[in-house]
Each structure stands twice: as C-alpha cells, then as structure tokens.
Amino acid sequence: MSGANDNAFSRLFSGLKKSSAKLTESFSVFSKKKLDADALNELEDLLILSDMGAPAAAKIVAGIAEKNFDKDASDATIRAALAEEVERIVRPREKPLDLEGEPKPRIVLVIGVNGSGKTTLIGKLLKTLKAQNKKIIVGAADTFRAAAIEQLRVWTDRAGVPLVERGQGADAAGVAFETAQKAKQDGADIALIDTAGRLQNREELMSELGKIIRSLRKVDEDAPHECLLVLDATVGQNALSQMEAFRTTAPLTGIVMTKLDGTAKGGVLVAIAERHALPIHYIGVGESADDLQTFNARAFSRALVGLE
C-alpha cells in the first residue's frame, strides 16, 4: 500500500475503534469457546447488538458456519472470517461518486437530517472537483439557518466558487431553481445544492423537499442527477428509518455515512448495505473534509472487527 493509503486506513481504523471495541469486547469472550451451534447463536446476538440488524447478522453467521473451522479456531482466524462475511455484504455497495460526463450541468442535491454533515460533504466535493478543474456553482437552499449559509460561504470562498443565496427565510425551492438555472446559463459542469436538515417524521419539511425537487425539474426534467443522503452513524438503527422515509420523497442515488468515529454503532452501515441497494460513496471518520473517505469495503470490514 502507498503511504497515502496507509494513512487513510490508519484514520479509518482509529475512527472505528469505538465500534470495533464494542464488537470485540464480547467477541473475545465468545472466541474462547468452541465454535458450536450455541456459540454461533451467541455471535448472531452480538452482531445484532452491534447495530448490524438481524438479516445481516443471520447472513454473516451462516457464512461463518459454512467455513468448517476447527473446533478451537483462534480469535484472529474467526475475526478474519467475520471481516470476510461483512465485506461480502458491503462490497456490492462500494462505488466512488462519479460526476463525469453528461448531462451538464450535473445537478447534485445533498439531503439529510440536522447535523448529519451535509455542509462538510459539500466542502469535500468542492476540494475534489476543484482539483479536477471543474466549473462548479453552489446553492444555499438551507434557508432555515443563517449559520448554514455562512458555513457554506466559507467553503465556497475558500474554493473560489460562486454561491447562490437569498438569505435566511427565503424560499428554498426558489434558491434551488435559481442555482440550477444559473449553472445551465453559465456552462457549469456541476451544481451542488445544500438543503435544510429535516427529520423524517416532519411532514411539512419532507413536503418542502418534494417542492425543491419539482423546482429542479423545471430546469432539467431528469434532475437531480445525483441525490445524496447523508446519514449520521451515531443514531444507529434510526438511520434505517431515515433511509426509508427519504426514499419515499427523493430519488436517492447514493449514501454518505458520517461520524463513525463518534459512535459504537458503526455496524449500522452493514444493516443499510444489506437492506438498501444503493451505492455508499463516502464514510466520515472525523470532523474535517479530509476525514471523509471514499468507501472501501475491505478496509471498512477489517477496521470494523479490529483487524489492522
């Protein structure tokens, strides 16, 4: 591995320590037992408690049961097998975000609940896309919080990218429409549109999201071309209900999971991968844009079970 990859894995391993500790604390006790039916049932319960969910846990344990281990298999051997089974579930979701090609502008809508890390994701994308010499425009359609517009302005000023804003309390759908229209008129490659954080059980906020999407389709009937849902890992299994609610309102194309460093509930990403056939583009293991890493199934699976 290159030094850059080594450093990225080191941050990932460190960021997932709370999740791997929760998993392996009980796992170390389990691994001293013989790998029989009772032990496999205990392992399944442990995986469910680590927020992987019952369907994913059952698949993982079934895969381990088929491996014909020696009755006294070592901790490292079983842990490696566990990582392999986790990877089997999450690998089909490994897909870097690709904003190349037609149509232009590519309209990217960023959605999620309050504090999930939407603005940090936009900062990460700005840094990446500017390095690729892309012409970008950003829309501040989170008009609920003045601080959200200010945060976005910091990122766009740093990147030298134009920001469409109307201020706190403005019509979010109008900002989204203006951003898409300006991107088209100016020949931009990509339009990134921030939105207000909204809880999945707030009907009026979800309705506003639908209005934003309809406004974008007045500019391009296929917009948004990318609709990225940012999930906060610290909410654990609640992330699944967020996924289901947002999928009924928005044409989701990919997932970003943040705050894996701040929780013991990192297994929820496995539950999401098992239940939803959507690409996982990035995972976050820290506060900065540099801590938002392109999702790597093998690296994630090994770090989750504490394998360096």
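**Exercise 1. Backbone angles out of the ordinary**

Find where Asn 133 sits, and work out whether Asn 133 is buried or exposed.

*Solution.* Start with the place: Asn 133 belongs to the loop that runs between α6 and β2. This is a predicted model, by the way. Next, look at accessibility. The cut-off for exposed is over 50% relative accessible area. Asn 133 has a relative accessible area of 70%, so it counts as exposed. Last, check the backbone: phi of Asn 133 is near 60 degrees, a positive value in a residue other than glycine. For background, most residues other than glycine have a negative phi.

Now do the same for Asp 51: which element holds Asp 51, and is Asp 51 buried or exposed?

*Solution.* Asp 51 is part of helix α3. Its phi is near 75 degrees, again a positive value in a residue other than glycine. With 10% relative accessibility, Asp 51 counts as buried.

**Exercise 2. Cis peptide bonds**

Which residues does the cis bond with omega of about -5 degrees join, and which does the one with omega of about -10 degrees join?

*Solution.* Take them in turn. Glu 102 and Pro 103 are joined by a cis peptide bond, with omega of about -5 degrees. Pro 103 turns up in the loop between α5 (75–90) and β1. The bond between Ala 223 and Pro 224 is cis too, and there omega is about -10 degrees. Pro 224 has its place in the loop between α9 and β5 (226–232). As a rule, most peptide bonds are trans.

**Exercise 3. Helix α7 from end to end**

Compare the span that helix α7 should have with the distance between its end C-alpha atoms. Then sort out which residues face where.

*Solution.* Step one is the length. Helix α7 covers residues 146–159, which is 14 residues, and at 1.5 Å a residue it should span 20 Å. The end C-alpha atoms are 20 Å apart, so the two agree.

Step two is the buried set: Ala 148, Ile 149, Leu 152, Thr 156 and Ala 159. These buried residues take up an arc of only 95 degrees around the axis, so they lie on the same side of α7.

Step three asks what they touch. The buried residues of α7 pack against α6 (118–131), β2 (136–141), β3 (163–164) and β4 (190–195).

Step four turns to the other face: away from the buried side, α7 carries the exposed residues Asp 157 and Arg 158.

Step five is what comes next. Gly 160 follows α7, and its phi is positive, near 70 degrees.

**Exercise 4. Helix α9**

Which residues of α9 are buried, and what do they pack against?

*Solution.* First, get your bearings: helix α9 spans residues 203–216, and its 14 residues reach 20 Å from the first C-alpha to the last, close to the 20 Å expected. The buried residues are Met 206, Leu 209, Gly 210, Ile 212, Ile 213, Ser 215 and Leu 216. Now see what surrounds them: β1 (106–112), α8 (172–185), β4 and α10 (238–249) are the elements they pack against.

**Exercise 5. Empty space**

How many residues line the second largest pocket, and which lie nearest its centre?

*Solution.* The second largest pocket holds about 380 Å³ of space. Its lining has 23 residues, with Gly 115, Ser 116, Gly 117, Lys 118 and Thr 120 nearest the centre. Next, trace them to elements: α6, α7 and β4 each give at least two residues, and α6 gives the most, with four. Finally, sort by class: the lining has three nonpolar, 13 polar and seven charged residues.

What volume does the largest cavity have, and which residues line it?

*Solution.* The volume of the largest cavity is about 40 Å³. Among its lining residues are Met 52, Gly 53, Gln 237 and Arg 275. The elements that give two or more residues to this lining are α4 (54–65) and α11 (268–275). By class, the lining splits into six nonpolar, two polar and two charged residues.

**Exercise 6. The neighbours of Thr 258**

Find which residues Thr 258 touches, leaving out those up to four places away in sequence.

*Solution.* Thr 258 lies in strand β6 (residues 254–258). At 7% relative accessibility, it counts as buried. With residues up to four places away in sequence left out, Thr 258 touches Ser 116, Val 230, Leu 231, Asp 232, Ala 233, Gly 284 and Leu 292.

Notes: Residues numbered from 1 in each chain as written. Predicted model: local features only at pLDDT ≥ 70, side-chain atom pairs only at ≥ 80, totals over all residues. Heavy atoms only, no water. 1 Å grid on protein atoms, 1.4 Å probe; cavity = no way out; pocket = protein on both sides within 12 Å on 5 of 7 lines; lining within 4 Å. Points joined across faces, edges and corners; volume = space filled by probe spheres on them. Nonpolar A, V, L, I, M, F, W, Y, C, P; charged D, E, K, R; others polar. Expected span 1.5 Å × (residues − 1). Buried < 20%, exposed > 50% of the residue type's maximum accessible area, 1.4 Å probe, protein only. Arc of directions from axis to C-beta. Contact = heavy atoms within 4.5 Å.
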